[in-house]
Amino acid sequence: MNISVDGAFIYFTIPIFGGINITQTTVSHLIVTIFLCSLSIYLGKRLKKRPDGLQVLVEKGVMMLYNMLSDTMGAHNIHYLPLIGTIFLSSICSSLIGMTGFLRSATADLSVPLVWAITVSVIIWRNTIKRDGIGSFLKNYINPMNIVSDVAQPASMALRHF
(Lines give C-alpha, C1' and ligand atoms only; values in the text may rest on other atoms or scores of the structure.)
Protein backbone atom coordinates (compact mmCIF):
# COMPACT_ATOMS: atom_id res chain seq x y z
CA MET A 1 0.00 0.00 0.00
CA ASN A 2 1.39 3.39 -1.04
CA ILE A 3 0.18 6.38 0.98
CA SER A 4 1.04 9.88 -0.15
CA VAL A 5 0.30 13.21 1.48
CA ASP A 6 0.69 16.19 -0.78
CA GLY A 7 1.02 19.77 0.38
CA ALA A 8 0.73 22.99 -1.52
CA PHE A 9 2.77 23.26 -4.70
CA ILE A 10 5.77 25.60 -4.29
CA TYR A 11 5.96 28.05 -7.20
CA PHE A 12 9.28 29.62 -6.23
CA THR A 13 11.41 30.51 -3.21
CA ILE A 14 12.49 34.01 -2.23
CA PRO A 15 16.12 33.64 -1.11
CA ILE A 16 15.97 35.65 2.14
CA PHE A 17 15.76 34.50 5.75
CA GLY A 18 16.74 30.99 4.72
CA GLY A 19 14.20 30.91 1.90
CA ILE A 20 10.54 31.92 1.85
CA ASN A 21 8.40 29.53 -0.17
CA ILE A 22 5.67 31.05 -2.33
CA THR A 23 3.07 28.29 -2.48
CA GLN A 24 -0.36 27.78 -4.01
CA THR A 25 -1.83 28.80 -0.67
CA THR A 26 0.12 32.06 -0.64
CA VAL A 27 -1.00 32.92 -4.16
CA SER A 28 -4.63 31.99 -3.40
CA HIS A 29 -4.69 34.12 -0.28
CA LEU A 30 -3.09 37.02 -2.14
CA ILE A 31 -5.80 36.77 -4.82
CA VAL A 32 -8.51 36.74 -2.13
CA THR A 33 -6.94 39.77 -0.43
CA ILE A 34 -6.70 41.71 -3.69
CA PHE A 35 -10.29 40.76 -4.56
CA LEU A 36 -11.68 41.87 -1.18
CA CYS A 37 -9.68 45.13 -1.20
CA SER A 38 -10.79 45.90 -4.77
CA LEU A 39 -14.40 45.07 -3.92
CA SER A 40 -14.39 47.32 -0.88
CA ILE A 41 -12.88 50.21 -2.87
CA TYR A 42 -15.42 49.68 -5.66
CA LEU A 43 -18.37 49.56 -3.25
CA GLY A 44 -17.04 52.47 -1.17
CA LYS A 45 -16.81 54.83 -4.15
CA ARG A 46 -20.42 54.31 -5.16
CA LEU A 47 -22.14 55.08 -1.86
CA LYS A 48 -25.38 57.06 -2.08
CA LYS A 49 -27.63 58.62 0.53
CA ARG A 50 -30.56 56.74 -1.02
CA PRO A 51 -29.12 53.26 -1.57
CA ASP A 52 -30.21 51.05 -4.40
CA GLY A 53 -29.34 47.62 -5.76
CA LEU A 54 -25.99 46.34 -4.60
CA GLN A 55 -25.61 48.93 -1.86
CA VAL A 56 -28.85 47.75 -0.22
CA LEU A 57 -27.58 44.16 -0.28
CA VAL A 58 -24.21 45.09 1.24
CA GLU A 59 -25.84 47.27 3.91
CA LYS A 60 -28.18 44.40 4.79
CA GLY A 61 -25.19 42.07 5.18
CA VAL A 62 -23.34 44.57 7.36
CA MET A 63 -26.43 45.07 9.53
CA MET A 64 -26.87 41.30 9.92
CA LEU A 65 -23.24 41.01 11.06
CA TYR A 66 -23.67 44.06 13.33
CA ASN A 67 -26.76 42.54 14.98
CA MET A 68 -25.12 39.14 15.37
CA LEU A 69 -22.03 40.72 16.93
CA SER A 70 -23.97 42.94 19.33
CA ASP A 71 -26.22 40.02 20.37
CA THR A 72 -23.34 37.64 21.05
CA MET A 73 -20.56 39.95 22.29
CA GLY A 74 -22.52 42.97 23.46
CA ALA A 75 -22.84 46.41 21.91
CA HIS A 76 -19.71 47.60 23.75
CA ASN A 77 -17.61 45.33 21.50
CA ILE A 78 -19.02 46.59 18.22
CA HIS A 79 -15.66 48.20 17.33
CA TYR A 80 -14.49 44.65 16.44
CA LEU A 81 -16.94 44.51 13.53
CA PRO A 82 -14.30 45.31 10.86
CA LEU A 83 -11.93 42.61 12.16
CA ILE A 84 -14.61 39.96 12.47
CA GLY A 85 -16.14 40.90 9.11
CA THR A 86 -12.73 40.73 7.45
CA ILE A 87 -11.95 37.29 8.87
CA PHE A 88 -15.46 36.11 7.95
CA LEU A 89 -15.27 37.30 4.33
CA SER A 90 -11.68 36.13 3.96
CA SER A 91 -12.65 32.70 5.27
CA ILE A 92 -15.58 32.36 2.89
CA CYS A 93 -13.66 33.59 -0.15
CA SER A 94 -10.59 31.52 0.77
CA SER A 95 -12.73 28.39 0.97
CA LEU A 96 -14.61 29.13 -2.25
CA ILE A 97 -11.45 29.84 -4.27
CA GLY A 98 -10.52 26.19 -3.84
CA MET A 99 -13.56 25.24 -5.91
CA THR A 100 -12.02 26.79 -9.04
CA GLY A 101 -10.09 23.61 -9.71
CA PHE A 102 -6.76 25.30 -10.34
CA LEU A 103 -6.29 27.25 -7.10
CA ARG A 104 -5.88 25.73 -3.66
CA SER A 105 -8.10 26.87 -0.84
CA ALA A 106 -6.16 29.30 1.34
CA THR A 107 -7.63 27.63 4.42
CA ALA A 108 -6.31 24.22 3.31
CA ASP A 109 -3.01 24.94 5.05
CA LEU A 110 -2.88 25.39 8.79
CA SER A 111 -0.88 28.62 8.47
CA VAL A 112 -3.82 30.87 7.53
CA PRO A 113 -6.27 29.82 10.28
CA LEU A 114 -3.37 29.79 12.75
CA VAL A 115 -2.53 33.43 11.99
CA TRP A 116 -6.19 34.37 12.42
CA ALA A 117 -6.38 32.47 15.72
CA ILE A 118 -3.17 33.99 17.11
CA THR A 119 -4.34 37.48 16.12
CA VAL A 120 -7.69 37.01 17.87
CA SER A 121 -6.00 35.51 20.95
CA VAL A 122 -3.54 38.41 21.25
CA ILE A 123 -6.46 40.86 21.02
CA ILE A 124 -8.29 38.94 23.75
CA TRP A 125 -5.20 38.95 25.99
CA ARG A 126 -4.61 42.66 25.32
CA ASN A 127 -8.19 43.51 26.26
CA THR A 128 -7.98 41.40 29.41
CA ILE A 129 -4.83 43.27 30.46
CA LYS A 130 -6.44 46.60 29.61
CA ARG A 131 -9.57 45.75 31.62
CA ASP A 132 -8.04 43.99 34.65
CA GLY A 133 -4.44 45.22 34.69
CA ILE A 134 -1.18 43.37 34.08
CA GLY A 135 -0.95 42.16 37.69
CA SER A 136 -4.32 40.45 37.60
CA PHE A 137 -3.51 38.95 34.18
CA LEU A 138 -0.20 37.52 35.39
CA LYS A 139 -1.77 36.30 38.64
CA ASN A 140 -3.85 33.88 36.57
CA TYR A 141 -0.65 32.08 35.57
CA ILE A 142 0.00 30.87 39.12
CA ASN A 143 -2.17 27.94 38.11
CA PRO A 144 -0.34 25.98 35.35
CA MET A 145 -3.67 24.97 33.81
CA ASN A 146 -4.24 28.60 32.82
CA ILE A 147 -0.98 28.55 30.86
CA VAL A 148 -2.11 25.38 29.07
CA SER A 149 -5.50 26.99 28.42
CA ASP A 150 -4.01 30.14 26.89
CA VAL A 151 -1.69 28.11 24.65
CA ALA A 152 -4.46 25.69 23.67
CA GLN A 153 -6.95 28.45 22.79
CA PRO A 154 -5.34 29.62 19.51
CA ALA A 155 -4.39 26.05 18.60
CA SER A 156 -7.98 24.94 19.13
CA MET A 157 -9.40 27.85 17.11
CA ALA A 158 -6.98 27.21 14.25
CA LEU A 159 -7.57 23.47 14.12
CA ARG A 160 -11.37 23.87 14.22
CA HIS A 161 -11.26 26.25 11.26
CA PHE A 162 -8.67 24.14 9.41
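## Accessibility terms and the model

A residue is called buried when its relative accessible area is under 20%, exposed when the value is over 50%, and partly exposed when it lies in between. L89, with a relative accessible area of 43%, is therefore partly exposed. These terms are applied throughout to what is a predicted model, and buried residues make up 23% of the 162 residues in the chain.

## Overall architecture

The chain contains six helices and two strands, and along the sequence these elements follow the pattern β-β-α-α-α-α-α-α, with both strands placed ahead of the helices. The radius of gyration is 20 Å, well over the 15 Å that the globule rule gives for 162 residues, so the chain is more spread out than a compact globule. Along its principal axes, the C-alpha trace spans about 60 × 50 × 35 Å.

The accessible surface of the chain comes to about 11700 Å², and carbon and sulfur atoms supply 69% of it. If one considers the contacts between residues at least 6 apart in sequence, 50% of them join residues at least 24 apart.

## The nonpolar core and helix 3

The largest nonpolar core has five residues in all, namely V32, L36, C93, I97 and L103. L36, a member of this core, touches L89, S90 and C93 when residues up to four places away in sequence are not counted; of these, C93 also belongs to the core. L89 is found in helix 3, and although L89 and L36 are 53 residues apart along the chain, their C-alpha atoms are separated by 8.0 Å.

Helix 3 covers residues 81-96 and also holds S91. S91 has a relative accessibility of 12% and therefore counts as buried, whereas L89 in this helix is partly exposed at 43%. With residues up to four places away in sequence again left aside, S91 touches W116 and H161.

## A nonpolar patch at the surface

On the surface, F9, Y11, F12, I14, I16, F17 and I20 form a nonpolar patch, and their accessible area together is about 740 Å². Strand 1, which covers residues 10-14, gives the most to this patch, with three residues. F12 is placed in strand 1, and because its relative accessible area is 49%, F12 is classed as partly exposed.

F17, another member of the patch, lies in the loop between strand 1 and strand 2, the latter covering residues 20-23. F17 has a relative accessible area of 77% and is therefore exposed. The backbone at F17 also deserves mention, since F17 has a positive phi of about 55 degrees although it is not a glycine.

## Salt bridges and their surroundings

The count of salt bridges in the model comes to three. In one of them, R104 is paired with D109, and the closest N and O atoms are 2.9 Å apart; both R104 and D109 are buried. In another, the side chains of D132 and R131 meet with an N to O distance of 3.0 Å. Here the two partners fall into separate classes, because D132, at 38% relative accessibility, counts as partly exposed, while R131, with a relative accessible area of 62%, is exposed.

The salt bridge between D52 and K48 has its closest N and O atoms 3.2 Å apart. D52 has a relative accessible area of 44% and is therefore partly exposed, and K48, at 45%, is likewise partly exposed.

## From D52 to helix 2

Helix 2 covers residues 54-73 and includes M68. M68 has a relative accessible area of 47%, so this residue is partly exposed. The C-alpha atoms of M68 and D52 are separated by 24 Å, the two residues being 16 apart along the chain. D52 is also the residue that forms the salt bridge with K48.

Definitions and conventions. Residues are numbered from 1 along each chain as its sequence is written. This is a predicted model: local features need pLDDT of at least 70, side-chain atom pairs count only at pLDDT 80 or more; totals for chains, interfaces and linings use all residues. Side-chain values use heavy atoms; hydrogens and water are left out. Patches are made of residues with over 30% relative accessible area and no salt bridge: like charges are joined within 9 Å, nonpolar side chains (Val, Leu, Ile, Met, Phe, Trp, Tyr) within 5 Å. Accessible areas come from the Shrake-Rupley method with a 1.4 Å probe; for residues, only the protein chains shown count as cover. A salt bridge is a side-chain nitrogen of Lys or Arg within 4 Å of a carboxyl oxygen of Asp or Glu. Helices (H or I, at least four residues) and strands (E, at least two) are DSSP runs, numbered from the N terminus. Buried means under 20% relative accessible area, exposed over 50%, partly exposed in between (1.4 Å probe, protein chains only). Contact means heavy atoms within 4.5 Å. A nonpolar core is a set of buried Ala, Val, Leu, Ile, Met, Phe, Trp, Tyr and Cys residues joined through side-chain atoms within 4.5 Å. The radius of gyration is taken over C-alpha atoms; the globule rule is 2.2 Å times the number of residues to the power 0.38.
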